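This report goes through one structure, starting from a single residue and moving outward to the chain as a whole.

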Amino acid sequence: MQLDDFLTIGALTALKPMSYVMRIGVALVAFGAAMNVEKVIARVIGLVWLIITGAMLLLTGITHGTAVDIILGLAALGAAAYSWWHTRY
């Protein structure tokens with residue numbers, strides 16, 4: 001890979017790479033909490049965290065025009081919708 005390839009890949013993201021690692025890790029924990037049928041408080045906190053994370057990533061992606069942020073935002077919102085659907089029905 002040449003320097004131009006790295007610059008192209010860097011243009012797809014708006015945040016630092018470690019920020020994505022931390023956000024994905026916390027989102028996985030929040031998804032696990034949101035899927036917990038027995039603990040209502042953990043489920044609500046996980047669901048709210050997924051919605052906020054998804055909305056903020058989607059907003060960042062739209063304002064900066066970065067595809068990775070838009071995809072991760074949609075994934076987080078999709079995970080929130082799935083966990084809500086799974087625990088409701």
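## Ala55 in helix α3

Ala55 is partly exposed, because its relative accessible area is 36% and that class runs between the limits of 20% for buried and 50% for exposed. The residue belongs to helix α3. The model is a predicted one, and the values given here are computed from it.

Along the sequence, Ala55 and Gly73 stand 18 residues apart, while their C-alpha atoms are 6.2 Å apart in space.

## Helix α3: span and burial

Helix α3 covers residues 40–64. It has 25 residues, and the distance from its first C-alpha to its last is 36 Å, close to the 36 Å expected at 1.5 Å a residue. Gly65 follows the helix and has a positive phi, near 70°.

Which residues of α3 are buried? They are Arg43, Gly46, Leu50, Thr53, Gly54, Leu57, Thr60 and Gly61. The cover over the buried residues of α3 includes α2, residues 17–34, and α4.

## The nonpolar surface patch

A nonpolar patch on the surface is formed by Val40, Val44, Val48, Ile52, Met56 and Leu59. Together these residues have about 520 Å² of accessible area.

Two members of the patch can be described further. Met56 lies in helix α3 and has a relative accessible area of 46%, so it counts as partly exposed. Ile52 is also placed in helix α3, and its relative accessibility of 45% makes it partly exposed. Both values meet the patch rule, because that rule asks for over 30% relative accessible area. The C-alpha atoms of Ile52 and Ala80 are separated by 9.8 Å, with their positions 28 residues apart along the chain.

## Helix α4: Asp69 and Ala75

Helix α4 spans residues 67–88. Is Asp69, a residue of this helix, buried or exposed? Asp69 has a relative accessible area of 0% and is therefore buried. Its C-alpha atom is 7.3 Å from that of Ala14, although the two residues are 55 residues apart along the chain.

Ala75 is found in helix α4 as well. Its relative accessible area is 46%, which means that Ala75 is partly exposed. Ala75 and Leu50 are 25 residues apart in sequence, and the distance between their C-alpha atoms is 9.4 Å. Leu50 is one of the buried residues of α3.

## Aromatic pairs

How many aromatic pairs does the model contain? The count comes to 2. Tyr82 and Trp85 form a tilted pair, with 5.9 Å from centre to centre and 40° between the planes. The pair is classed as tilted because planes under 30 degrees apart would count as stacked and those over 60 as edge-to-face.

Both Tyr82 and Trp85 lie in helix α4, where they are 3 residues apart, about one turn of the helix. Tyr82 is partly exposed, with a relative accessible area of 40%. Trp85 is also partly exposed, at 46% relative accessibility. Ring pairs join Phe31, Tyr82 and Trp85 into a cluster.

## The chain as a whole

The protein chain has 4 helices and 0 strands, and its elements follow the pattern α-α-α-α along the sequence. It consists of 89 residues, of which 25% count as buried.

Among the contacts in the protein chain with a separation of 6 or more, 50% are between residues 24 or more positions apart. About 6,200 Å² of the chain is exposed, and carbon and sulfur atoms supply 75% of that area.

Technical notes: Residues numbered from 1 in each chain as written. Predicted model: local features only at pLDDT ≥ 70, side-chain atom pairs only at ≥ 80, totals over all residues. Heavy atoms only, no water. Patch = residues over 30% accessible without salt bridge, like charges linked within 9 Å, V, L, I, M, F, W, Y side chains within 5 Å. Areas by Shrake-Rupley, 256 points an atom, 1.4 Å probe, with all protein chains shown as cover. Salt bridge = Lys/Arg side-chain N within 4 Å of Asp/Glu carboxyl O. Helix = DSSP H or I, 4+ residues; strand = E, 2+ residues; numbered from the N terminus. Buried < 20%, exposed > 50% of the residue type's maximum accessible area, 1.4 Å probe, protein only. Phe/Tyr/Trp six-rings, centres within 6.5 Å; stacked < 30°, edge-to-face > 60°. Expected span 1.5 Å × (residues − 1). Contact = heavy atoms within 4.5 Å.
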